[in-house]
Amino acid sequence: MTVLPCRLGAPRPGWSLAADLVVIGSGIAGLTAVLRARRELPAARVLLVTKASLDAGSTRWAQGGIAAALAAEDSPTDHLTDTLIAGVGLCDEQAAQVLVDEGPARVRELAELGARFDLAADGSFALTREGGHLRNRIIHAGGDATGLEVERALIAAVRADPSIEVIENALVLDLLLDADGCAAGATLHVLGEGSQDGVGAVTAPAVVLATGGMGQIFALTTNPGVSTGDGVALALRAGAVVADLEFVQFHPTALWLPPADATGRLGDQQPLVSEAMRGEGAVLVDADGNRVMAGAHPLADLAPRDIVTKQMSRVMAARGVDHLFLDARGIGAATIEHRFPSITARCRSIGVDPVTMPIPVAPAAHYASGGVRTDLWGRTTVPGLYACGEVACTGVHGANRLASNSLLEGLVFAARIAEHIAGGATRRGDAVPAAPIVGRGSGLTDPAERSELARAMTDGAGVLRSADSLRATAKVLAGLGDLRVSGATVTAGPPAWEMTNLRTVATALVAAAAVRTETRGSHWREDFGERDDEHWLGRVLTRLGPEGELVIDVEPIHAAPIGAAS
């Protein structure tokens with residue numbers, strides 16, 4: 001049995017701060033949570049903690065846009081339909097209804113805050129379409145720089161409010177709990193806080209996780225280097241339930257870099273070629289120019305991402321190649337350069353001109369549809385602990401996220417969390433000493449094994465999975481945690497803490513993927529190739545037991561929500 005640490009090995013906190021609310025993460029979800037909390041609770045002390053600089057998260061890399069029913073010919077009902085279809089039967093319909101109903105207002109508020117979205121000639125939002133959408137409902141900025149503009153506007157608003165305290169370059173370690181098991185703050189490591197071992201504690205009756213995804217468990221990912229699953233790992237160690245970790249969406253069209261130009265370390269961020277390019281008419285082809293998606297799905301190149309990724313993987317395996325091509329030449333030079341300036345510049349930097357040449361692309365880990373399980377108000381199963389954005393599993397995405405629903409989810413549920421906290425649901429209790437570390441050695445994993453972890457996950461738990469591949473991957477992960485085998489001496493610090501988080505979430509993902517013996521959405525089992533609604537119309541729930549063992553349950557999707565009505 002694999003045993004995972006219930007706490008991270010770390011020095012005792014050498015400093016402390018007290019706040020009314022601490023938000024961990026500075027993407028669209030975290031920034032929105034902070035700003036909405038300030039609006040709802042103007043007298044509260046709000047603290048924003050982020051792992052690197054304020055703008056270093058995943059939001060800035062979101063190229064396509066934000067999905068919302070803003071057009072006259074569109075409706076929340078249509079948006080809901082497309083979301084449920086993409087989720088392959090596993091969406092929480094209540095959560096999805098909240099998303100599509102409240103989304104348009106949140107987008108308009110973002111524009112009022114200062115986000116400069118692209119406009120049509122009549123001054124309305126310019127809207128485009130992406131895979132899985134039957135209407136034009138993707139709002140965008142700077143052509144293909146939506147995330148960057150959203151991040152700019154939100155950060156400007158945060159910096160303009162002197163009452164928001166910000167701690168940058170701070171890696172969150174573990175949740176603090178009070179005597180009743182409620183969230184009471186978190187421990188952090190701040191580089192430069194007196195020394196390189198700047199471990200401290202922030203106490204607060206409400207903690208919001210907005211730490212982003214876990215793409216760095218794979219060798220190829222579009223996620224930035226900070227996406228090491230810290231929030232999911234923290235939540236597991238705190239006793240929270242996580243859900244649907246097996247559903248990791250691989251983006252079909254990451255820019256494939258030739259070996260001479262590829263970066264050296266596994267897990268480095270791969271440039272993204274937005275799905276919006278296919279929305280404008282670009283098509284996937286092989287080296288001979290043959291259409292990859294022709295006949296594979298009624299929507300062809302605009303099929304949901306899991307369909308596209310699977311078909312690309314099949315074609316690549318059959319051809320014995322490591323990449324295919326996205327041919328955008330047919331949409332014209334003016335559209336390419338105006339609508340996709342960032343992509344065009346990145347392609348040209350490696351000698352590929354999308355105006356005259358097909359773009360080399362390959363699938364890469366992109367988005368985690370699962371995460372820390374929450375209700376409609378962002379509450380986790382640990383009282384006082386909330387989660388929003390990619391770290392959370394609201395149930396909105398089901399087995400496969402609909403394109404551009406992710407930024408919208410961050411906006412909508414971060415605002416709902418602030419509203420719930422403002423309702424006075426949290427209470428302050430004294431933090432109790434951390435529980436003893438459970439597991440081998442210091443509870444830390446050797447960071448020197450990071451490449452081995454990423455390679456094992458990509459080979460055995462990536463796009464293609466089977467019982468044999470998952471079993472082999474689980475064996476590798478178990479071995480990485482046994483310092484008696486490696487003989488390594490692990491020093492507490494950011495590399496070891498990140499590596500321990502990576503191993504924790506990877507182990508939980510592999511266990512969930514082994515349990516779900518079907519193919520559904522972004523979870524593809526070669527040995528169980530069909531969707532099985534009779535046995536698997538439910539979510540896989542994972543938590544840590546008292547000795548650090550993984551405990552897995554399966555819950556029908558129509559079970560009662562986890563939080564009491566409010």
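**Exercise 1.** In this predicted model, work out what span helix α1 (residues 28-40) should have, and check it against its end C-alpha atoms.

*Solution.* Start with the 13 residues of α1 and a rise of 1.5 Å a residue. The expected span takes 1.5 Å times one less than the number of residues, so α1 should cover 18 Å. Now look at the model: the end C-alpha atoms sit 18 Å apart, in agreement.

**Exercise 2.** Decide whether α1 is largely enclosed or not, using its buried residues.

*Solution.* Buried means under 20% relative accessible area. Go along the helix and you'll pick up Ile28, Ala29, Gly30, Leu31, Thr32, Ala33, Val34, Leu35, Arg36, Ala37 and Arg38 as buried. That's 11 of the 13 residues, so the rest of the structure largely encloses α1.

**Exercise 3.** Find the edge strands of the open sheet β19-β17-β12-β20-β21, then see what packs on β20 and β21.

*Solution.* The sheet has five strands with mixed pairing. β19 (392-393) and β21 (550-556) each have a single partner strand, so they stand at the edges, with one side of each lacking a neighbour in the sheet. Next, pair up β21: β20 (residues 538-544) runs antiparallel to β21 over seven bridges, and Leu544 faces Leu550 of β21. Finally, helix α14 (residues 494-515) packs on the sheet and touches both β20 and β21, its direction making about 45° with that of β21.

**Exercise 4.** Is Ala456 buried or exposed, and what does Ala456 touch beyond its neighbours within four places in sequence?

*Solution.* First, place Ala456 in helix α11 (residues 450-461). Its relative accessibility is 13%, so Ala456 counts as buried. With those sequence neighbours set aside, its contacts are Ala461, Thr473 and Val476.

Key:
Residues numbered from 1 in each chain as written. Predicted model: local features only at pLDDT ≥ 70, side-chain atom pairs only at ≥ 80, totals over all residues. Heavy atoms only, no water. Pairing = 2+ DSSP bridges. Helix = DSSP H or I, 4+ residues; strand = E, 2+ residues; numbered from the N terminus. Contact = heavy atoms within 4.5 Å. Axes fitted to C-alpha atoms, helices over the stretch in contact; angles between N-to-C directions. Buried < 20%, exposed > 50% of the residue type's maximum accessible area, 1.4 Å probe, protein only.
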